[in-house]
Amino acid sequence: MLHPSYTDLMKVVNSGVEEGETPVVNSRYSIVLATSKRARQIIAGEHPLVQGDGKKPLSVAIQELESGKVKIVTEEELMEEEAGPEAVDEIPEDAAPQEESETVEDSE
């Protein structure tokens, strides 16, 4: 049996959601995807966010999710984060134009 249970993990992940809003996680499948993705990141060399010496990457990922060290974000939140503060609806007319720079790739 998985400890913590899927239900417990779903409660932790959805704890920041206010009543009436759509929960971040609706199913066990979402928990499985999130923990497996984080486990692959740990395998690829990212440092664990919790003490997990000798534990398997999946166990560490589950522990990170349970402790709140890892946050599951929706696609909309991810797009907003990627856009960052540069995404402005209107640019002031008196704003100075920025110089553009070109990137050249070496294709050998």
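This briefing describes the helices, nonpolar core, salt bridges and pockets of one protein model.

The model is predicted, so local features need pLDDT of at least 70 and side-chain atom pairs count only at pLDDT 80 or more, while totals for chains, interfaces and linings use all residues. Residues are numbered from 1 along each chain as its sequence is written, and side-chain values use heavy atoms, with hydrogens and water left out. The protein has 4 helices and 0 strands, where helices (H or I, at least four residues) and strands (E, at least two) are DSSP runs numbered from the N terminus. Along the sequence the pattern reads α-α-α-α.

**Overall burial and contacts**

- The protein has 108 residues, and 18% of them count as buried.
- Buried means under 20% relative accessible area, exposed means over 50%, and partly exposed lies in between, with a 1.4 Å probe and protein chains only.
- Among contacts with a separation of 6 or more, 30% join residues 24 or more positions apart; a contact means heavy atoms within 4.5 Å.

**Helices α3 and α4**

- The buried residues in α3 include V60, A61, I62, E64 and L65.
- The buried residues of α3 pack against α1 and α2.
- G68 follows α3 and has a positive phi, near 85 degrees.
- Helix α4 is hardly covered, as the count of buried residues among its 9 residues is 0.
- Just after α4 comes G84, with a positive phi of about 65 degrees.

**Nonpolar core**

- The largest nonpolar core has 8 residues in all: L9, M10, V13, V25, I31, I62, L65 and I72.
- Two elements, α1 (6-13) and α3, give two or more residues to this core.
- The most comes from α1, which gives 3 residues to this core.
- A nonpolar core is a set of buried Ala, Val, Leu, Ile, Met, Phe, Trp, Tyr and Cys residues joined through side-chain atoms within 4.5 Å.

**R38 and the salt bridges**

- Side chains of opposite charge can pair when their charged atoms come close.
- A search of the whole structure finds 2 salt bridges, each defined as a side-chain nitrogen of Lys or Arg within 4 Å of a carboxyl oxygen of Asp or Glu.
- One salt bridge joins R38 and E64, with the closest N and O atoms 2.6 Å apart.
- This pair links distant parts of the chain, since R38 is in helix α2 and E64 is in helix α3, 26 residues apart.
- The other salt bridge joins E46 and R38, with the closest N and O atoms 3.0 Å apart.
- R38, E46 and E64 are thereby linked in a network of salt bridges.
- R38 is buried, with a relative accessible area of 7%, and E64 is buried at 0% relative accessibility.
- E46 is partly exposed, with a relative accessible area of 43%.
- Leaving aside neighbours within four places in sequence, R38 is in contact with E46, H47, P48, L49, A61, E64 and V70.
- R38 and V70 are 32 residues apart along the chain, and their C-alpha atoms are separated by 8.5 Å.

**Pockets**

- Pockets are found on a 1 Å grid over the protein atoms alone: a pocket is an open set of points where a 1.4 Å probe fits, with protein on both sides within 12 Å along at least five of seven lines, and lining residues have an atom within 4 Å of a point.
- Grid points are joined across faces, edges and corners, and a volume is the space filled by probe spheres set on the points.
- The largest pocket holds about 610 Å³ of space.
- It is lined by 22 residues, and those closest to its centre are A34, K37, K71, I72 and V73.
- Helices α2 (28-43), α3 (57-67) and α4 (75-83) each supply at least two residues of the lining of the largest pocket.
- Helix α2 gives the most to this lining, with 9 residues.
- The lining of the largest pocket has 11 nonpolar, 5 polar and 6 charged residues.
- In these classes, Ala, Val, Leu, Ile, Met, Phe, Trp, Tyr, Cys and Pro count as nonpolar, Asp, Glu, Lys and Arg as charged, and the others, Gly among them, as polar.
- The second largest pocket has a volume of about 230 Å³.
- Its lining has 14 residues, and V13, G16, V24, K71 and I72 lie nearest the centre of this second largest pocket.
- By class, the lining of the second largest pocket has 7 nonpolar, 4 polar and 3 charged residues.
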